[in-house]
Amino acid sequence: MYPFHWVPAAGQRHASLADKPVGCAYPTGTVVETLCQQEVSADSSELAWLWGTCAECNQKARRIAGVDP
């Protein structure tokens with residue numbers, strides 16, 4: 001398990017180190033600080049999970065996961 005979580009917000013899927021409820025998504029409207037250093041409002045709707053991934057969050061999450069140097 002990694003220390004980051006994915007959160008759809010601001011039209012993209014972002015990654016965050018912020019605490020979230022165990023076993024579920026951040027509730028819609030929850031303000032979350034992301035790995036790309038933005039404060040965004042979560043959107044837990046089904047369609048939001050289909051949004052593209054924030055490139056900066058993806059890069060930082062992959063580094064944390066040890067996938068990319």
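Where in the chain is Gln37 found? Gln37 sits in the loop between β3 and β4. The legends below describe a predicted model.

**View 1. Gln37 in the loop between β3 and β4.**
This close-up centres on Gln37, a residue of the β3–β4 loop. Its phi is positive, about 70°, although Gln37 is not a glycine. Most residues other than glycine have a negative phi. Gln37 counts as exposed because its relative accessibility is 61%, and the limit for that class is over 50%.

**View 2. The whole chain.**
The chain contains 1 helix and 4 strands. Read from the N terminus, the order of elements is β-β-β-β-α. The radius of gyration is 11 Å; a compact globule with 69 residues would come near 11 Å, so the two agree. Along the principal axes, the C-alpha atoms fill a box of roughly 35 × 25 × 20 Å. Of the 69 residues, 26% are buried. The accessible surface is about 4400 Å², and carbon and sulfur atoms hold 54% of that area. Among contacts with a separation of 6 or more, 41% join residues 24 or more positions apart.

**View 3. The hairpin of β1 and β2.**
Strand β1 covers residues 5–9, and strand β2 covers residues 12–16. The two strands run antiparallel and are joined by 5 bridges. Which residue of β2 is the bridge partner of Trp6? Trp6 is bridged to Ala15. The hairpin has 2 residues between its strands.

**View 4. Ala10 between the strands.**
Ala10 belongs to the loop between β1 and β2. Its phi is positive, at about 55°, and yet Ala10 is not a glycine. Is Ala10 buried or exposed? With a relative accessibility of 60%, Ala10 counts as exposed.

**View 5. Aromatic rings of Tyr2, Phe4 and Trp6.**
Ring pairs link Tyr2, Phe4 and Trp6 into a cluster. The count of aromatic pairs is 2. The ring centres of Tyr2 and Phe4 lie 5.5 Å apart and their planes meet at 5°, so this pair is stacked. Planes under 30 degrees apart count as stacked. Phe4 also pairs with Trp6, and that pair is edge-to-face. Here the centres are 6.0 Å apart, with 85° between the planes. How is each ring residue placed with respect to the surface? Tyr2 has 46% relative accessibility, so Tyr2 is partly exposed. Phe4 has 11% and therefore counts as buried. Trp6, at 31%, is partly exposed.

**View 6. His14 and its surroundings.**
His14 lies in strand β2. Its relative accessibility is 0%, so His14 counts as buried. Which residues does His14 touch, not counting residues up to four places away in sequence? From the early part of the list come His5, Trp6, Val7 and Ala9, and the list goes on with Thr34, Cys36, Gln38, Cys54 and Cys57. A polar atom of the His14 side chain lies 3.4 Å from the backbone oxygen of Ala9.

**View 7. Thr34 at the β3–β4 loop.**
Thr34 is placed in the loop between β3 (31–33) and β4 (39–41). Thr34 is buried because its relative accessibility is 4%, and buried means under 20%. Neighbours within four places in sequence are left aside in what follows. Thr34 then contacts His14, Ala15 and Ser16. Val40 and Cys57 are also in contact with Thr34. The contact with His14 appears in the list for His14 as well.

**View 8. Ala18 between β2 and β3.**
Ala18 lies in the loop between β2 and β3. At 26% relative accessible area, Ala18 counts as partly exposed. Which residues touch Ala18, leaving out those up to four places away in sequence? His5, Tyr26 and Val32 do. Ala18 and Leu50 are 32 residues apart along the chain, and their C-alpha atoms are separated by 21 Å.

Definitions and conventions. Residues are numbered from 1 along each chain as its sequence is written. This is a predicted model: local features need pLDDT of at least 70, side-chain atom pairs count only at pLDDT 80 or more; totals for chains, interfaces and linings use all residues. Side-chain values use heavy atoms; hydrogens and water are left out. Two strands pair if DSSP finds at least two bridges between them. Rings of Phe, Tyr and Trp (its six-membered ring) pair if their centres lie within 6.5 Å; planes under 30 degrees apart count as stacked, over 60 as edge-to-face and the rest as tilted. Buried means under 20% relative accessible area, exposed over 50%, partly exposed in between (1.4 Å probe, protein chains only). Contact means heavy atoms within 4.5 Å. A polar contact is a pair of N or O atoms within 3.5 Å; within protein, one must be able to donate a hydrogen and the other to accept it, and residues adjacent in sequence count only if both atoms are side-chain atoms. The radius of gyration is taken over C-alpha atoms; the globule rule is 2.2 Å times the number of residues to the power 0.38. Accessible areas come from the Shrake-Rupley method with a 1.4 Å probe; for residues, only the protein chains shown count as cover.
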